[in-house]
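Here are some exercises to work through at your own pace, each with its solution set out step by step. Have your viewer ready and try each task before reading on.

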Amino acid sequence: MAPNDSAETNGTAARGSAGRRKAARYTVPVAVAGVAAATIGLVPALASSGDPDLPKITAQELIEKIAASDTQQFSGTVTISTDLGIPSIGGLAGSFMPDAGGKDASGADPQAKLTELASGTHTLRVAADGPDKQRLSVLDKASEYSLIHNGDQVWAYDSASNEAYHADTEGKDKQAETGRGKSTRGKDKALPEGVPTTPKALAEQALKAADGNTSVTVDGTARVAGRDAYRLVLKPEQSGSTIGSITVAVDAKNGVPLKFTLRPSSGGKAVVDAGFTSVDFTEPAASSFTFTPPKGAKVTEADEAEQAAGHEKEARKAVEQAKGDLGAFEGLNVIGEGWNSIAEIKTPGGAALPSEASGDVPAEAQQFLDALGDKVTGKFGSGTVFKTRLVNALITDDGRVYVGAVTKDTLVEAANNAG
């Protein structure tokens with residue numbers, strides 16, 4: 001067994017925000033669920049019994065081993081369990097994506113389909129062969145949903161509805177060369193944000209969040225998917241975070257993260273437990289990344305889907321602008337640091353949450369929000385805290401938003417101190 005060795009790492013907590021026209025008033029708590037969709041799947045793992053006897057390694061050495069890993073070819077089966085403590089959001093994605101439910105919209109569109117991974121337990125088959133070839137299949141009892149990326153081609157197929165979604169990014173690259181004088185090839189692969197790419201991506205994000213207030217240790221060894229691994233454990237040393245600990249099982253041979261478990265500070269079962277049940281690091285078969293729609297399948301082209309969505313292109317432009325200069329917000333301020341970082345956002349025009357009778361929120365979406373929210377008051381006034389076991393958001397009645405992986409009391413305190 002490897003000893004408990006400690007180290008500290010420096011990093012910056014990930015922060016983000018986005019605004020979408022009228023929907024900005026209720027999309028922030030939904031983005032909380034999106035955090036899970038972007039989190040799960042990036043680092044896999046279920047441990048089997050039997051702890052191997054491995055050479056001693058320090059936490060710093062193990063972190064360096066992860067960073068140095070250049071494994072880009074693998075295939076295997078992943079089991080993901082997510083318990084954010086929120087109602088199931090399967091089927092609700094369209095409710096939170098205004099203009100995305102046009103009559104020609106595809107039921108196989110990954111933007112909505114992969115949101116279902118934010119709750120429950122799922123089995124996935126995954127494969128990758130470098131940065132331009134990936135495949136992810138979500139297995140159900142009687143159906144399968146697959147997302148295939150091969151160079152400039154992206155296909156998604158839902159066997160339950162016999163619908164396919166197709167995007168050809170080569171055409172977009174050519175348009176970029178003509179319209180702007182240079183290509184954006186490689187920047188827009190038509191894959192939704194948060195789609196799994198490499199198993200070590202989530203571990204790297206967790207390590208970036210680590211700072212001087214983080215305990216980083218090697219806590220023994222494990223056997224994961226038939227492979228020897230070290231257990232790297234990160235624990236926030238500050239109070240107020242909803243994150244209790246993050247454990248990453250790291251392949252002892254190639255440094256690839258095999259297991260990711262995030263446990264909440266409130267105790268109980270893991271918020272995210274994702275991992276390989278089987279894995280192979282040899283080159284996957286080329287056929288893994290090819291796809292031909294079955295006979296009779298309804299095929300929706302990405303451009304058609306955008307047209308069906310009406311103003312989606314304009315919305316995307318607004319989001320991209322917001323990413324660049326935060327122009328969609330009156331102000332953005334980050335309160336605190338490390339695990340306790342809280343983003344303070346002033347919504348456009350000081351817009352607050354719509355009332356039940358406003359009619360601005362679809363019925364299913366309103367029920368979802370009501371199930372999450374707690375009314376709170378303080379020096380800041382009054383507002384609603386939308387809770388999950390991982391990320392919480394306080395939206396005040398005067399249109400300010402406080403969001404972070406912190407407790408409700410920490411959010412209220414931040415709002416009180418912000419004046």
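**Exercise 1. Find the salt-bridge partner of Asp-273 and say which strands the pair links.**

Step 1. Apply the criterion: a salt bridge is a side-chain nitrogen of Lys or Arg within 4 Å of a carboxyl oxygen of Asp or Glu. Asp-273 meets it with Lys-259, the closest N and O atoms being 3.1 Å apart.

Step 2. Place the two residues. Asp-273 sits in strand β13 and Lys-259 in strand β12 (residues 257-264), so this pair links distant parts of the chain, 14 residues apart. Helices (H or I, at least four residues) and strands (E, at least two) are DSSP runs, numbered from the N terminus.

Step 3. Check the surroundings. Lys-259 has a relative accessible area of 13%, so it is buried. The scale is: buried under 20% relative accessible area, exposed over 50%, partly exposed in between (1.4 Å probe, protein chains only).

A word on the ground rules: this is a predicted model, where local features need pLDDT of at least 70 and side-chain atom pairs count only at pLDDT 80 or more, while totals for chains, interfaces and linings use all residues. Residues are numbered from 1 along each chain as its sequence is written, and side-chain values use heavy atoms, with hydrogens and water left out.

**Exercise 2. How many salt bridges are there, and how accessible are the residues of the Arg-223 and Asp-251 bridges?**

Step 1. The count comes to 9 salt bridges.

Step 2. Arg-223 pairs with Asp-228, with 2.3 Å between the closest N and O atoms. Arg-223 is partly exposed at 29% relative accessibility, and Asp-228 is partly exposed at 28%.

Step 3. Asp-251 bridges to Arg-227, again with the closest N and O atoms 2.3 Å apart. This pair links distant parts of the chain, with Asp-251 in strand β11 and Arg-227 in strand β10 (residues 227-236), 24 residues apart. Asp-251 is buried at 1% relative accessibility, whereas Arg-227 is partly exposed at 23%.

Step 4. Look for a network too: salt bridges link Asp-374, Lys-387 and Lys-408.

**Exercise 3. Which aromatic residues form a cluster through ring pairs?**

Step 1. A pair of aromatic rings is described by the distance of the centres and the angle of the planes. Rings of Phe, Tyr and Trp (its six-membered ring) pair if their centres lie within 6.5 Å; planes under 30 degrees apart count as stacked, over 60 as edge-to-face and the rest as tilted.

Step 2. The structure holds 3 aromatic pairs. One of them joins Trp-155 and Phe-291, at 5.3 Å centre to centre with 50° between the planes, and is tilted. Trp-155 belongs to strand β7 (residues 153-158) and Phe-291 to the loop between β13 (272-280) and β14 (298-301), so the pair ties together parts 136 residues apart in sequence.

Step 3. Tyr-157 also pairs with Phe-291: the centres are 5.6 Å apart and the planes at 40°, so this pair is tilted. Tyr-157 lies in strand β7, so the pair ties together parts that are 134 residues apart in sequence.

Step 4. Ring pairs thus link Trp-155, Tyr-157 and Phe-291 into a cluster. Trp-155 and Phe-291 are buried, and Tyr-157 is buried as well.

**Exercise 4. Which residues have the most contacts inside the largest nonpolar core?**

Step 1. A nonpolar core is a set of buried Ala, Val, Leu, Ile, Met, Phe, Trp, Tyr and Cys residues joined through side-chain atoms within 4.5 Å.

Step 2. The largest core has 63 residues, and those with the most contacts inside it are Leu-124, Leu-232, Leu-234, Ile-246 and Phe-276. Strand β11 (residues 243-251) gives the most to this core, with 5 residues.

Step 3. Take Leu-232. Beyond four places in sequence, its contacts (heavy atoms within 4.5 Å) include Ala-59, Leu-62, Ile-246 and Val-248.

Step 4. Another core lies apart, with 11 residues, among them Val-385 and Tyr-402.

**Exercise 5. Where is confidence lowest and where highest?**

Step 1. pLDDT is the predictor's confidence in each residue, from 0 to 100. The protein chain averages 74, and 63% of the residues score at least 70.

Step 2. Helix α1 (residues 24-39) is lowest, at a mean of 37, and β10 highest, at 96.

Step 3. The pLDDT is also below 50 over residues 91-103 and under 50 over residues 173-191. Where pLDDT is low, the predicted coordinates should not be read in detail.
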